[in-house]
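Subject: Handover of a structure

Dear colleague,

Please find below the structure that I am handing over to you. I would be grateful if you could keep it open while you read the notes that follow it.

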Amino acid sequence: MDLAHLNDRGLVLVGCGRMGGALLRGWLGRGLAPGAVHVIDPNAPGWLAARGVKTDGPMPTDPAVLVLAVKPQMMGDVLPQLVAAGQGGTLILSVAAGVTLGTYQRAFPGAAIVRAMPNTPAAIGQGISAIVGNDRAGPAEMDLAETLMGAVGRVVRLEDEAQMDAVTAVSGSGPAYVFHLIETLAAAGEAEGLPAALALDLARATVAGAGALAVAEDEDPARLREAVTSPNGTTAAGLVHLMDAETGLPPLIRRTVAAAAARGRELGA
Ligand SMILES: NC(=O)C1=CN([C@@H]2O[C@H](COP(=O)(O)OP(=O)(O)OC[C@H]3O[C@@H](n4cnc5c(N)ncnc54)[C@H](OP(=O)(O)O)[C@@H]3O)[C@@H](O)[C@H]2O)C=CC1
Ligand SMILES: O=C(O)[C@@H]1CCC=N1
C-alpha cells in the first residue's frame, strides 16, 4: 500500500543504522516523500541528504509516525528528548528488541504505540516482522504499522506482547543462525577437501535453495527433509549426528533460542 498519505504530517526516524536504513529505503520506495522524513542520528548516512531527507533543523512536533530504531540500551537517553514529538495523534513505532510497551507508554502517555520485530532480510524486501500494539493502537494504527513494516516483507500480528521475546529469538535473531549454518557447512566442506570458495558457494546456494523450496512447497519441513533422505544413504548417515536428541541440533537450537529470548527479557527489564 502507498505511503503518500503520510507526506503531509511526515515521519520522524530515530536511528538510521542497519534496520532503520532498510525500513526507510522500503518506505521511500512506497511513495513516502524524502522531504517528509526527518532522521535523527548522530552519524546520519550520506545518502539521506543526497535523496533530500532532512537530517537537521527543528524536529516536527506532530508527525504522523515516530519510528524508534536505536539500540535498546540507548532508549533511556533518547526517549526524554522525543516527548514533544509524541503528543497528539502521532503513532509511536519501535523496532527495538526487549523494550516494552510499558516503557514507551511512560514516555508517551496516551499515545498509540506499536512494537515491531523485523529481521535483516528486510534490506531486500524479504523480511518478516511481528507487530503488537498497546490499548490505544486501534485498527487504523495497527493497519498503518502493518503497512509500514509491510514495505520490507511480510507482517504477522501477535496476540500478546509476551510473545515478542520468543519472536525476537526466532525470526529477529534467526538470520544470524542461518548465516552461521552457511559458515559451518562451508567449513565442513573444506575439511572434506573442497576449495574454500567452492565450499562457500555450495553452502550458500544450498541454504538459499532449501529456504526457497520450503516456502514454495508450503509443506511440513520434515517431509522435505525426508525427500532428501534415501534409506541407508548419505543424508541418513549425516542426520544421525545432526538430529541426535542429546548432542545434535535440537538441544543446541533450543539453548540458542532460549538464551536469545532471555536476553530480550533482560533488555526490557
Ligand atoms: N539488526 C537486526 O537484525 C535487528 C535490529 N533490531 C532492532 O533495531 C534497532 C537498531 O538496530 P540496528 O539497526 O541493528 O543498529 P545500528 O547500530 O545499525 O543502528 C542504530 C543507529 O542509531 C544511531 N544512534 C546512536 N545513538 C543515537 C541517538 N542518540 N539518537 C539517534 N540515533 C542514534 C546509531 O549511530 P552510531 O552507529 O553512530 O552509534 C546507528 O546509526 C535495535 O533496537 C535492534 O534491537 C530489530 C530487529 C532486527
Ligand atoms: O541482536 C539483537 O539484539 C537484534 C534484535 C534481533 C536481531 N538483532
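What distance separates the centres of domain 1 and domain 2, taken over C-alpha atoms? The answer is 33 Å. Please bear in mind that this is a predicted model, and that the values given here are computed from it.

The domains. Domain 1 covers residues 4-160 of the chain, and domain 2 covers residues 174-268. Where these two domains are in contact, domain 1 contributes nine residues and domain 2 contributes six.

Ligand 1. There are 22 residues around ligand 1, and those that come nearest are Arg18, Met19, Asp41, Asn43 and Val70. By character, this shell consists of 15 nonpolar, four polar and three charged residues. You may wish to locate three particular approaches to oxygen atoms of the ligand. Asparagine 43, already listed among the nearest residues, places a polar side-chain atom 2.5 Å from an oxygen atom of ligand 1. Lysine 71 also has a polar side-chain atom facing an oxygen atom of ligand 1, at 3.2 Å. Alanine 97 takes part through its backbone: one of its N or O atoms lies 3.0 Å from an oxygen atom of ligand 1. On its own, ligand 1 exposes 880 Å², and 76% of that area is buried by the protein. The space that ligand 1 takes up is the second largest pocket.

Ligand 2. Which residues are found around ligand 2? They are Ala97, Thr168, Gly172 and Ser173. Alanine 97 therefore deserves a second look, please, when you inspect the model. Of these shell residues, one is nonpolar, three are polar and none is charged. Taken alone, ligand 2 has 240 Å² of accessible area, of which the protein covers 46%. The space taken by ligand 2 is likewise described as the second largest pocket.

I hope that these notes are of use to you as you study the structure.

With kind regards

Note on methods:
Residues are numbered from 1 along each chain as its sequence is written. Chains are lettered from A and ligands numbered from 1 in the order in which they are written. This is a predicted model: local features need pLDDT of at least 70, side-chain atom pairs count only at pLDDT 80 or more; totals for chains, interfaces and linings use all residues. Side-chain values use heavy atoms; hydrogens and water are left out. A residue is near a molecule or strand if one of its heavy atoms lies within 4 Å of it. A polar contact is a pair of N or O atoms within 3.5 Å; within protein, one must be able to donate a hydrogen and the other to accept it, and residues adjacent in sequence count only if both atoms are side-chain atoms. Accessible areas come from the Shrake-Rupley method with a 1.4 Å probe; for residues, only the protein chains shown count as cover. On a 1 Å grid over the protein atoms alone, a cavity is a set of points where a 1.4 Å probe fits but cannot get out, and a pocket is an open set with protein on both sides within 12 Å along at least five of seven lines; lining residues have an atom within 4 Å of a point. A molecule sits in a cavity or pocket if more than half of its atoms lie within 2 Å of its grid points. Ala, Val, Leu, Ile, Met, Phe, Trp, Tyr, Cys and Pro count as nonpolar, Asp, Glu, Lys and Arg as charged, and the others, Gly among them, as polar. Domain bounds come from an automatic or database domain assignment. Contact means heavy atoms within 4.5 Å.
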